[in-house]
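User: I'd love to walk through this model with you. Could you take my questions one at a time and show your reasoning?

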Amino acid sequence: MSYKYKRITLLSGHYGSGKTNIAVNMALDLKKQYDKVAVADLDIVNPYFRTKDSMEDFKQNGIRLIVSEYANSNLDIPALPDDMYAITDDRQLKTIIDVGGDDRGALALGRIAPQIIKENDYDMLMVINRFRPLTPDAESTLEVMREIELAGGIKFTGLINNSNLGAQTEKEDILSSVKYANEVSALSGLPVVLTTAEEKLYNILSGEIENLFALKLQKRPVD
């Protein structure tokens, strides 16, 4: 994998695209390279915070978790993390941000978007999955992208092809998604910076797909 992290990496995509699992894996990957690493969730639409399921992994690896106090509770109260502004205030902190599953979730990003843009050391990556009902083709995926950009106030800079069928994903599924990802790239003008594959498929596909990123799946299904 040749992806070079900026100080802030934002991940967004339609609900079910798999962005949270990527956020967890990216944070763990970043920690191998940098001392101060955080993962943050600004998804206020769904308070059942998925990244918190990896809290023990974060603790063991010294990764800071920026999360709403209502995460993994049964309280349906949209709330932002109290320490959200550490993302922009601490320039030594490498941060992976799970933005939200749609344009409503991206609204929270608007609070810190001006500071992120001003610093100009970020990537805003759209996680795409052609097997999700609302993003089966390039045109519908681009529509979702534009809605998120409008709500969050930050333009996307790249794409992550995370097309999969969960535990049923086969090598051919990922290979067949490359055409879709390239179509989204051509339509949006954005590069495909990563294509993901679960660990067992990563070893099989290594060498067949550029910029392949191995994913260790969380114990619970995640967005």
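User: Thanks! Which residue just after helix 7 takes a positive phi?

Analyst: Happy to start there, with the reminder that this is a predicted model. Helix 7 covers residues 171-188, and the positive phi, about 80 degrees, comes just after the helix. The residue is glycine 189.

User: Where is the kink in helix 7 centred?

Analyst: The end C-alpha atoms of helix 7 are 26 Å apart, which agrees with the 26 Å that its 18 residues should span at 1.5 Å a residue. Even with that agreement in span, helix 7 has a kink of about 25 degrees. The kink is centred on valine 178.

User: What covers the buried residues of helix 7?

Analyst: The buried residues of helix 7 include Asp173, Ile174, Tyr180 and Val184. Both helices and strands contribute to their cover. Included in it are strand 5, helix 6, strand 6, strand 7 and helix 8.

User: Is asparagine 162 buried or exposed, and what is its relative accessible area?

Analyst: Asparagine 162 sits in the loop between strand 6 and helix 7. Leaving aside neighbours within four places in sequence, its contacts are Ser17, Gly18, Ile22, Val127, Ile128, Asn129, Thr196 and Leu215. Buried means under 20% relative accessible area, so asparagine 162 counts as buried, at 3%.

User: Which residue's backbone oxygen does the side chain of asparagine 162 reach?

Analyst: Asparagine 162 touches both Ser17 and Gly18, and the polar partner is one of these. The side chain reaches a backbone oxygen at 2.7 Å, which fits the 3.5 Å limit for a polar contact. That oxygen belongs to serine 17.

User: Asparagine 25 is in helix 1; what backbone oxygen lies 2.8 Å from a polar atom of its side chain?

Analyst: Asparagine 25 is buried too, with a relative accessible area of 9%. Not counting residues up to four places away in sequence, asparagine 25 touches Phe213, Ala214, Leu215 and Lys216. The backbone oxygen 2.8 Å from its side chain is that of asparagine 21.

User: Which element gives the most to the largest nonpolar core?

Analyst: In soluble globular proteins, nonpolar side chains tend to be buried together. Here the largest nonpolar core has 34 residues, with Leu10 and Leu109 touching the most other members. Strand 1, strand 2, strand 4, helix 5, strand 5, helix 6 and helix 7 each supply at least two of its residues. The one that gives the most, with six residues, is helix 6.

User: How many residues are in the second, separate core?

Analyst: Leucine 109, from the largest core, touches Leu10, Leu42, Val99, Ile116, Met124, Gly152 and Ile154, leaving out residues up to four places away in sequence. The second core is separate and includes Tyr5, Ile22, Leu125 and Leu215. Its total is 23 residues.

User: Which residue caps the N-terminal end of helix 6?

Analyst: Helix 6 has 15 residues, and its end C-alpha atoms are 21 Å apart, in agreement with the expected span. At the N-terminal end, a side-chain oxygen lies 3.3 Å from the backbone nitrogen of glutamate 139. The capping residue is aspartate 137.

User: Last one: what percentage of the protein's residues are buried?

Analyst: The protein has eight helices and eight strands. Among contacts between residues at least 6 apart in sequence, 76% join residues at least 24 apart. Of the 223 residues, the buried share is 53%.

Technical notes. Residues numbered from 1 in each chain as written. Predicted model: local features only at pLDDT ≥ 70, side-chain atom pairs only at ≥ 80, totals over all residues. Heavy atoms only, no water. Helix = DSSP H or I, 4+ residues; strand = E, 2+ residues; numbered from the N terminus. Buried < 20%, exposed > 50% of the residue type's maximum accessible area, 1.4 Å probe, protein only. Polar contact = N/O pair within 3.5 Å; in protein donor to acceptor, adjacent residues only side chain to side chain. Contact = heavy atoms within 4.5 Å. Expected span 1.5 Å × (residues − 1). Bend = angle between axes of the 7 residues up to and from the residue. Core = buried A, V, L, I, M, F, W, Y, C linked by side-chain atoms within 4.5 Å.
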